[in-house]
Amino acid sequence: MIVSKDNNILESFHALNQTSTLQFPNYSFLKGSVFQRFNPELIKKLSTDCLVMQNHGYGISPKRLQENVALSSFFKILTTSPDENGKVYVSTVQAQNYPIICTQWHPEKAIFEWGEPMNPHSEDAVQVTQHFANYFVSQARKSLNRAPADKVLNNLIDNYSPRFGTSKSFDEVYNFS
């Protein structure tokens with residue numbers, strides 16, 4: 001909405017608590033993207049097997065993204081996905097000139113969320129999460145910003161106690177006060 005300068009850009013989709021595929025409309029965009037290090041077999045499985053978790057009611061169609069000059073000049077579409085009615089929405093974009101990746105799926109669910117039975121936990125789904133995390137960390141390492149060591153140690157998640165099983169969706173909940 002910010003990039004598009006249109007508060008009404010989002011469309012209604014039915015992708016609540018569903019696993020889905022990721023379709024790759026332009027394989028040439030994979031070079032230099034979050035999917036660059038995925039082996040071709042895993043890319044193929046992503047487009048045929050339900051390896052990712054979707055959980056949203058709004059998104060943007062490829063057509064609407066392309067028609068908005070601000071969005072189409074800022075982002076390239078890496079993947080699309082169908083909702084439960086077969087309506088296609090943009091599921092992964094990457095900024096063309098900035099280290100920004102946006103997903104309309106949950107890359108973390110395969111490894112970290114066990115409360116919902118539909119979350120995919122297959123070896124392939126876990127590999128998707130691991131590749132995504134490795135890419136994210138490789139991008140973060142490019143930053144020269146570093147916090148002082150004492151600030152890092154004081155703010156580690158290990159300094160807080162999680163509450164387990166507080167909801168159906170999330171296995172751990174941290175309350176910061």
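1. Terms and model. Helices and strands here are DSSP runs numbered from the N terminus, with at least four residues for a helix and at least two for a strand. On that count, K5 sits in the segment before β1. The model is a predicted one.

2. Overall architecture. The chain holds 6 helices and 7 strands. Their order along the sequence is β-α-β-α-α-β-β-β-α-α-α-β-β. Along the principal axes, the C-alpha atoms of the chain fill a box of roughly 45 × 40 × 35 Å. Of the chain's 177 residues, 34% count as buried. Take the contacts between residues at least 6 apart in sequence: 64% of them join residues at least 24 apart.

3. Two backbone outliers to check. K5 has a positive phi of about 60° and is not a glycine. N17 also is not a glycine, and its phi is positive at about 50°. For context, most residues other than glycine have a negative phi. The settings of the two residues can be set side by side. K5 belongs to the segment before β1, while N17 lies in strand β1. K5 has 71% relative accessibility, which is over 50%, so K5 counts as exposed. N17 has 37%, between the 20% and 50% limits, so N17 counts as partly exposed.

4. H14 and its partners. H14 is in strand β1, which covers residues 11-20. Its relative accessible area is 41%, so H14 is partly exposed. Leaving aside residues up to four places away in sequence, H14 touches H56, D83, E84 and N85. How far apart in space are H14 and E84, C-alpha to C-alpha? The distance is 5.8 Å, for a sequence separation of 70 residues.

5. The annotated span. A UniProt annotation from an unreviewed entry, "domain: Glutamine amidotransferase", covers residues 40-111. In the model, that span is 33% helix and 38% strand. The C-alpha atoms at its two ends lie 22 Å apart.

6. The annotated site. UniProt, again in an unreviewed entry, places the feature "active site" at H106. Such annotations may be inferred rather than shown by experiment. H106 is located in the loop between β5 and α4. Is H106 buried or exposed? Neither label applies: H106 is partly exposed, because its relative accessible area of 27% falls between 20% and 50%. H106 touches M53 and N55, with residues up to four places away in sequence not counted.

7. Largest pocket. The largest pocket holds about 350 Å³ of space. Its lining has 18 residues; L10, I60, V93, C102 and Q104 lie nearest the centre. Which elements each supply at least two residues of this lining? They are β2 (52-59), β4 (88-95) and β5 (101-103). The largest share, 4 residues, comes from β4. By type, the lining divides into 12 nonpolar, 6 polar and no charged residues.

8. Second largest pocket. About 180 Å³ of space lies in the second largest pocket. Its lining consists of V34, P99, I100, I101, C102, T103, F132, Y135, F136, Q139 and A140. β5 and α5 each supply at least two of the lining residues. The most come from α5, with 5 residues. The lining divides into 9 nonpolar, 2 polar and no charged residues. C102 is listed for this pocket, and C102 is also among the residues nearest the centre of the largest pocket.

9. P99. This residue of the second pocket's lining lies in the loop between β4 and β5. P99 is exposed, because its relative accessible area of 70% is over 50%. P99 and D150 are 51 residues apart in sequence, and their C-alpha atoms are 28 Å apart in space.

10. Helix α5. This helix spans residues 123-140. Why does its end-to-end distance agree with expectation? At 1.5 Å a residue, the 18 residues of α5 should span 26 Å, and the end C-alpha atoms are 26 Å apart, so the two agree. The expected span uses one less than the number of residues. The buried residues of α5 are D124, A125, V128, T129, F132, Y135 and S138. They pack against α1 (40-48), β2, β4, β5 and α4 (109-112). F132 and Y135 appear in this buried set and also in the lining of the second largest pocket.

How values were computed
Residues are numbered from 1 along each chain as its sequence is written. This is a predicted model: local features need pLDDT of at least 70, side-chain atom pairs count only at pLDDT 80 or more; totals for chains, interfaces and linings use all residues. Side-chain values use heavy atoms; hydrogens and water are left out. On a 1 Å grid over the protein atoms alone, a cavity is a set of points where a 1.4 Å probe fits but cannot get out, and a pocket is an open set with protein on both sides within 12 Å along at least five of seven lines; lining residues have an atom within 4 Å of a point. Grid points are joined across faces, edges and corners, and a volume is the space filled by probe spheres set on the points. Ala, Val, Leu, Ile, Met, Phe, Trp, Tyr, Cys and Pro count as nonpolar, Asp, Glu, Lys and Arg as charged, and the others, Gly among them, as polar. Buried means under 20% relative accessible area, exposed over 50%, partly exposed in between (1.4 Å probe, protein chains only). Contact means heavy atoms within 4.5 Å.
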